[in-house]
Amino acid sequence: MFGDDIFPYLPENIKPFSQQLKQFPENYEKWVYAAAYRSETYQGDVFADVPFVFVDEDGDPAQAQLAGMVVSNTCDTQPNQGEFVVLAPLIDLETYRQSSELEGEELANHVRAVTENKISNLMFLPRSETTLDSLVDFGNLCSVSGAYFHQKKGKNRIVSLSLVGHYFMLVKLAYHFTRPEAADALRDSVVQPGGD
C-alpha cells in the first residue's frame, strides 16, 4: 500500500501500525466501518449530497452534488468551531472505471491498484450497507461553509469509519500530502529566488 520511502519519516508510535498496513489488510471491509453513528461529526464520516466546486482548466467553476468524506479535524467540524469543513469527494468505483481514459490490461491493473489502496490520493472504500464500492479522492478537496454543512448534515450521513478505519484514513492522507518526491520527477524550469 505504501512505499518504503515513507517509513523513516513516521513518528515512532505510528511505525508499528504502518507496518501492519503495509501488509494489505485482510477482511478490510469488515473493520473499516463503524457499527453505529455517533451524534457528532467525525473526521472520516461520509455525507451524501455535498456541494463540491471545482475550477476547470479555463478557470471556470463547476459545481457537483456528490457524497463527500470529512477531512477536517474532528474538533473543527463541530458547530461554531471551524468556519469551513473540508471534504473529499466519494466516487463510485464503477463510474470511475467507466470514465477512465485507460483501457484493457492497463485499466484492470489501475483498478486493482485502487482497490488495494496503492494510489496515494485515492482511498478505496468497499461496499457497505449504504454505499457501493467507492473511492475517496484526496486530490480534489473542497471547503464548505460550516454553517451550511451543519444545516444539512443531520439527515444525510451515509457511513462512518471505525477507529481502525480512521487511523487507516489518516495514514493514507498523511502519505498523500507528505510523500517524498520521486528522484526522477521532471521539472519545466528552475526559478532562482528573486529571479523572473
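**Around Leu 122, and the spaces in the fold**

Leaving aside residues up to four places away in sequence, Leu 122 touches Tyr 96, Val 114, Asn 117, Leu 135, Val 136, Asp 137 and Lys 172. These contacts are read from a predicted model, in which Leu 122 belongs to strand S4, covering residues 122-125. Among the residues it touches is Asp 137, and although Leu 122 and Asp 137 stand 15 residues apart in sequence, their C-alpha atoms are 4.8 Å apart in space. Leu 122 counts as buried because its relative accessibility is 4%, where buried means under 20%.

From this residue the reader can turn to the enclosed spaces, for a search of the whole structure finds two cavities of 30 Å³ or more. The largest cavity has a volume of about 60 Å³, and of the eleven residues that line it, those closest to its centre are Asp 49, Val 50, Phe 149, Lys 152 and Asn 156. Strand S1 (46-55) and helix H5 (146-152) each supply at least two residues of this lining, with S1 giving the most, namely five residues. By class, the lining of the largest cavity divides into seven nonpolar, one polar and three charged residues.

There are also pockets to consider, and the second largest pocket has a volume of about 180 Å³. Its lining is made up of Tyr 33, Ala 34, Ala 35, Ala 36 and Tyr 37, together with Ser 128, Glu 129 and Thr 130, and also Ile 158, Val 159 and Ser 160. In the lining of the second largest pocket, seven residues are nonpolar, three are polar and one is charged.

Key: Residues numbered from 1 in each chain as written. Predicted model: local features only at pLDDT ≥ 70, side-chain atom pairs only at ≥ 80, totals over all residues. Heavy atoms only, no water. 1 Å grid on protein atoms, 1.4 Å probe; cavity = no way out; pocket = protein on both sides within 12 Å on 5 of 7 lines; lining within 4 Å. Points joined across faces, edges and corners; volume = space filled by probe spheres on them. Nonpolar A, V, L, I, M, F, W, Y, C, P; charged D, E, K, R; others polar. Helix = DSSP H or I, 4+ residues; strand = E, 2+ residues; numbered from the N terminus. Buried < 20%, exposed > 50% of the residue type's maximum accessible area, 1.4 Å probe, protein only. Contact = heavy atoms within 4.5 Å.
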